[in-house]
Amino acid sequence: MVGFELLVCVLAAPALLLPFLARWPRVSRLVALASVAMTAAVHALGLPRSLSGELSADTFTWAVLAVAMLDALAALAGFADPLREHEEGVPLLSLALFSLLGVVGLAYAGTLLMLLASWALFSAASYAVVALARDRFSAAGAAKYGLMSVASSSLLLLALAALAAATGGLRLAAGGAAGPMLAVVAALSLAAVGFKIGVFPFHAWLPDVYGV
């Protein structure tokens with residue numbers, strides 16, 4: 001548990017601090033880069049693989065987070081120009097760290113409640129990113145993304161409810177569900193993720209959001 005708590009602190013503390021560093025974009029970018037690098041180091045070296053309670057870790061968890069950390073580092077490394085050109089750059093860094101924290105929670109979720117809370121954090125942070133520019137284009141994109149997020153979260157909630165009913169508990173143990181119920185859980189989960197990442201046929205919101 002200590003390792004996971006350290007992961008949360010390393011991401012959450014800079015995310016809360018960055019809005020106060022808006023006058024120093026270079027310092028803000030370095031803080032965000034250091035936060036992600038430290039998180040990657042803790043993930044790779046300091047977190048035990050056998051967890052209990054709300055948390056769970058396996059090879060898939062480590063693979064997902066390795067990709068997420070590398071992606072975050074690459075994005076932040078190339079973020080120098082947008083940070084200088086846009087006043088929303090530093091708040092965007094803060095929201096990016098909160099989004100990464102949501103991904104960390106999703107990867108290590110061992111119960112339905114932990115999964116739902118992490119999903120909500122990631123969704124709220126990504127919605128704020130879309131609405132950050134505060135113009136009519138971002139407003140339209142945020143409205144569409146908000147509707148898709150509500151649909152996605154509703155489908156995920158239905159999937160988690162079906163899984164809880166099938167397994168008789170809140171642990172993420174799909175092996176306890178079998179037959180038609182497992183198919184329902186899989187279909188709802190795929191639809192929820194499909195809405196979130198915009199795969200066909202859940203992609204209608206992508207042009208307005210990515211064009212902001």
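Visitor: Is Ser126 buried or exposed, and what is its relative accessible area?
Guide: This is a predicted model, and Ser126 sits in its helix 6. A residue counts as buried under 20% relative accessible area and as exposed over 50%. Ser126 falls under the lower cut-off and is buried, with a relative accessible area of 13%.

Visitor: Which backbone oxygen lies 2.9 Å from a polar atom of the Ser126 side chain?
Guide: Leaving aside neighbours within four places in sequence, Ser126 is in contact with Ser99 and Tyr145. The polar pair asked about is a separate matter, joining a polar atom of the Ser126 side chain to a backbone oxygen at 2.9 Å. That oxygen belongs to Phe122.

Visitor: How many helices and how many strands does the chain have?
Guide: Along the sequence the pattern reads α-α-α-α-α-α-α-α-α. The count is nine helices and zero strands.

Visitor: Among contacts between residues at least 6 apart in sequence, what percentage joins residues at least 24 apart?
Guide: The chain has 212 residues, and 41% of them count as buried. For its contacts between residues at least 6 apart in sequence, the share that joins residues at least 24 apart is 70%.

Visitor: Which helix gives the most residues to the largest nonpolar core?
Guide: The largest nonpolar core has 46 residues, and those with the most contacts inside it include Phe4, Leu18, Leu97 and Tyr108. Helices 1, 2, 3, 5, 6, 7 and 8 each supply at least two residues of this core. The one that gives the most, with nine residues, is helix 5.

Visitor: Within what arc do the buried residues of helix 3 fall, seen down its axis?
Guide: Helix 3 has 19 residues and reaches 27 Å from its first C-alpha to its last, close to the expected 27 Å. Its buried residues are Thr61, Trp62, Leu65, Ala68, Met69, Ala72 and Leu76. An α-helix has 3.6 residues a turn, so residues three or four places apart point the same way. The buried residues of helix 3 line one face of the helix, because they fall within an arc of 130°.

Visitor: Which residues are exposed on the other side of helix 3?
Guide: The buried residues of helix 3 line one face. On the other side, the exposed residues are Thr59, Phe60, Val67, Leu70, Asp71 and Ala74.

Visitor: Which backbone oxygen does the side chain of Thr39 reach?
Guide: Thr39 is in helix 2 and counts as buried at 0% relative accessibility. Beyond its neighbours within four places in sequence, Thr39 is in contact with Leu7, Val10, Leu11 and Met69. At 2.7 Å, the Thr39 side chain reaches the backbone oxygen of Ser35.

Visitor: How far apart in space are Val185 and Ala166, C-alpha to C-alpha?
Guide: Val185 lies in helix 8 and is one of the buried residues of that helix, at 8% relative accessibility. In sequence, Val185 and Ala166 are 19 residues apart. In space, their C-alpha atoms are apart by 9.3 Å.

Visitor: With which residues is Val185 in contact, leaving aside its neighbours within four places in sequence?
Guide: Helix 8, which holds Val185, has 18 residues and reaches 26 Å from its first C-alpha to its last. Beyond those sequence neighbours, the contacts of Val185 are Ala159, Ala162 and Leu163.

Methods:
Residues are numbered from 1 along each chain as its sequence is written. This is a predicted model: local features need pLDDT of at least 70, side-chain atom pairs count only at pLDDT 80 or more; totals for chains, interfaces and linings use all residues. Side-chain values use heavy atoms; hydrogens and water are left out. Helices (H or I, at least four residues) and strands (E, at least two) are DSSP runs, numbered from the N terminus. Buried means under 20% relative accessible area, exposed over 50%, partly exposed in between (1.4 Å probe, protein chains only). Contact means heavy atoms within 4.5 Å. A nonpolar core is a set of buried Ala, Val, Leu, Ile, Met, Phe, Trp, Tyr and Cys residues joined through side-chain atoms within 4.5 Å. The expected span of a helix is 1.5 Å times one less than its number of residues. The arc is that of the directions from the helix axis to the C-beta atoms. A polar contact is a pair of N or O atoms within 3.5 Å; within protein, one must be able to donate a hydrogen and the other to accept it, and residues adjacent in sequence count only if both atoms are side-chain atoms.
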